[in-house]
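Trainee: Please take a close look at one part of this model, the ligand and its surroundings. Which residues surround the ligand, and what space does the ligand take?

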Amino acid sequence: MNKINYDFKNRTAVVTGGAQGFGLDIAKRFLDSGGKVIIWDIDQKMIEKASNQLNSPNLSSNIVDVSNYNEVEKNVSEITKNTNIDILINNAGITGPTATLWEYDIDMWKKVVEINLMGTFNCCRAIVPNMIKNNYGRIVNVASVAGKDGNANASAYSVGKAGAIGLTKSLGKELADKNIAVNAVTPAGAKTRILDQMTKEHVQRMLSKVPRGRFLEVEEFTSLICWLSSEENTFSTAAVFDISGGRSTY
Ligand SMILES: NC(=O)c1ccc[n+]([C@@H]2O[C@H](COP(=O)([O-])OP(=O)(O)OC[C@H]3O[C@@H](n4cnc5c(N)ncnc54)[C@H](O)[C@@H]3O)[C@@H](O)[C@H]2O)c1
């Protein structure tokens, strides 16, 4: 794929769940485009691996559990002593187990919603005041087609992602009179580690619904994130951008 040049010079981005998968590729592209990146993740080993791989003076990373508001706020206070946060990619997420709602482990159900929905809320809650002060911000919330369609045997995940879509629409409108854009994206399946959390049959069912007939490539996803996070996105906000290979019809 021929990549367009984006200019993220003088921009600082927080990428949650950036130690691998989508988040890692987003971090790489932002760095390659001149930006500064702060990765928040809970996986220490993968953070180290990512730092070695990206090997950039413009990268920093911290262990932050996005479902813990105090942790998020503490990190935001530290960062904003020295710099503004211009871009927030709420990408951290887990699918949880594949199970019917009535057989779903209750604590796991809560955990999936805590990370996918409350994590998005927590990061927006803590970072938006800095963006308002600076009158600049680009927020992208990584949802999923599951949040639009509701995947069977994935009720917690579908709820968390549907909630992130609702949050995006609401927050986007609250900030619409400022140079701050808040959008959500709804990818279909891509081959990252997250697929290991689901059964093979479930993944196959997801794939069978995609008219493109293949998995989404991580770089294809990053392209959409880049435009939504760039200065050029001056009008689109409170919107949901589909990247499901034709699966979603709305
Ligand atoms: N890969 C897909 O098929 C697909 C499809 C639709 C949506 N998504 C969404 O894309 C996002 C990224 O997924 P991915 O495929 O790259 O998965 P991944 O498992 O490769 O990466 C997710 C990262 O999030 C981190 N994380 C998990 N819980 C966290 C927490 N509480 N705090 C901070 N970090 C945490 C993990 O450690 C991991 O590094 C997720 O929100 C996922 O739901 C993925």
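Mentor: In this predicted model, the ligand is surrounded by 28 residues, and the closest of them are Asp41, Asn91, Tyr157, Ala190 and Thr192. By class, this shell divides into 15 nonpolar, 8 polar and 5 charged residues. Two helices, α1 and α6, each supply at least two residues of the shell.

Three of the closest residues also have listed distances to oxygen atoms of the ligand. For Asp41 the partner is a side-chain N or O atom, which is 2.6 Å from an oxygen atom of the ligand. For Ala190 the partner belongs to the backbone: an N or O atom there lies 2.7 Å from a ligand oxygen. Asn91 likewise uses a polar backbone atom, at 2.8 Å from an oxygen atom of the ligand. The ligand taken alone exposes 830 Å², and the protein buries 97% of that area.

As for the space, the ligand takes up the largest pocket. The volume of this pocket is about 710 Å³. Its lining has 40 residues, and those closest to the pocket centre are Asn91, Ala92, Gly93, Ile94 and Ile194. Asn91 therefore appears in both lists: it is among the residues closest to the ligand and among those closest to the centre of the largest pocket.

The lining of the largest pocket can be sorted by class into 21 nonpolar, 13 polar and 6 charged residues. Four helices each supply at least two residues of this lining: α1 (21–32), α5 (145–149), α6 (155–174) and α7 (200–208). The largest share, 3 residues, comes from α1. Of these helices, α1 and α6 are also named for the shell around the ligand, again with at least two residues each.

How values were computed
Residues are numbered from 1 along each chain as its sequence is written. This is a predicted model: local features need pLDDT of at least 70, side-chain atom pairs count only at pLDDT 80 or more; totals for chains, interfaces and linings use all residues. Side-chain values use heavy atoms; hydrogens and water are left out. On a 1 Å grid over the protein atoms alone, a cavity is a set of points where a 1.4 Å probe fits but cannot get out, and a pocket is an open set with protein on both sides within 12 Å along at least five of seven lines; lining residues have an atom within 4 Å of a point. Grid points are joined across faces, edges and corners, and a volume is the space filled by probe spheres set on the points. Ala, Val, Leu, Ile, Met, Phe, Trp, Tyr, Cys and Pro count as nonpolar, Asp, Glu, Lys and Arg as charged, and the others, Gly among them, as polar. A residue is near a molecule or strand if one of its heavy atoms lies within 4 Å of it. A polar contact is a pair of N or O atoms within 3.5 Å; within protein, one must be able to donate a hydrogen and the other to accept it, and residues adjacent in sequence count only if both atoms are side-chain atoms. Accessible areas come from the Shrake-Rupley method with a 1.4 Å probe; for residues, only the protein chains shown count as cover. A molecule sits in a cavity or pocket if more than half of its atoms lie within 2 Å of its grid points.
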